[in-house]
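Colleague: Could you take me through a close look at the largest pocket, and then at the aromatic rings?

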Amino acid sequence: MRRSVAVVLALALLALPAAAQDPSVGGKLAVRWCMACHVVEPNQSTATDNAPTFRAIAARPGTTASSLDRYLSIGHTLMPDFSLSSQERDALVAYILSLR
C-alpha cells in the first residue's frame, strides 16, 4: 500500500513540469493576468498602446525561453508584479513562444 502511494505521488510530481510547459495553460494565465495591457491572443483586437503584443515579443530575435523567464522573474517598472511561480512562468513562456 505504501509503495503504491509513493508511485502515485512520483507520477503526479513528474506531471507538474509537463503541465507547466503546456502552452494552453500559459494562454489561460495570459488571458487572466496580461490581456488588460497586451494583445495575448491572435483574435484579440485591443489592449493598451504601450504594451507590445505577445506575438511581437515572440518574434523578437533575442526572445528565448531563458530571456522570457528572466524577464518574468524580476520586477518590472511598467508592469505590476504578479509574483509568478516557476511553473506559471514556464507555462507563460511556452505560450508566448508558441505564437511564433
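Modeller: Happy to; here is the pocket, followed by the rings. This is a predicted model, in which local features need pLDDT of at least 70 and side-chain atom pairs count only at pLDDT 80 or more, while totals for chains, interfaces and linings use all residues. Residues are numbered from 1 along each chain as its sequence is written, and side-chain values use heavy atoms, with hydrogens and water left out.

The largest pocket has a volume of about 510 Å³. A pocket here is an open set of points on a 1 Å grid over the protein atoms alone, where a 1.4 Å probe fits, with protein on both sides within 12 Å along at least five of seven lines; lining residues have an atom within 4 Å of a point. There are 22 such residues, and H38, A51, P52, Y71 and M79 are the closest to the pocket's centre. Two or more lining residues come from each of α3, α4 (65–73) and α5, with α4 giving the most, four residues. By type, the lining divides into 16 nonpolar, five polar and one charged.

Now the rings. One aromatic pair is counted, with ring centres required to lie within 6.5 Å (planes under 30 degrees apart are stacked, over 60 edge-to-face, the rest tilted). F54 and Y95 form this tilted pair, 6.4 Å centre to centre with 55° between the planes. The pair links distant parts of the chain, since F54 lies in helix α3 (residues 54–59) and Y95 in helix α5 (residues 86–98), 41 residues apart. Both F54 and Y95 are buried, meaning under 20% relative accessible area with a 1.4 Å probe, protein chains only.

Conventions
Phe/Tyr/Trp six-rings, centres within 6.5 Å; stacked < 30°, edge-to-face > 60°. Buried < 20%, exposed > 50% of the residue type's maximum accessible area, 1.4 Å probe, protein only. Points joined across faces, edges and corners; volume = space filled by probe spheres on them. Nonpolar A, V, L, I, M, F, W, Y, C, P; charged D, E, K, R; others polar.
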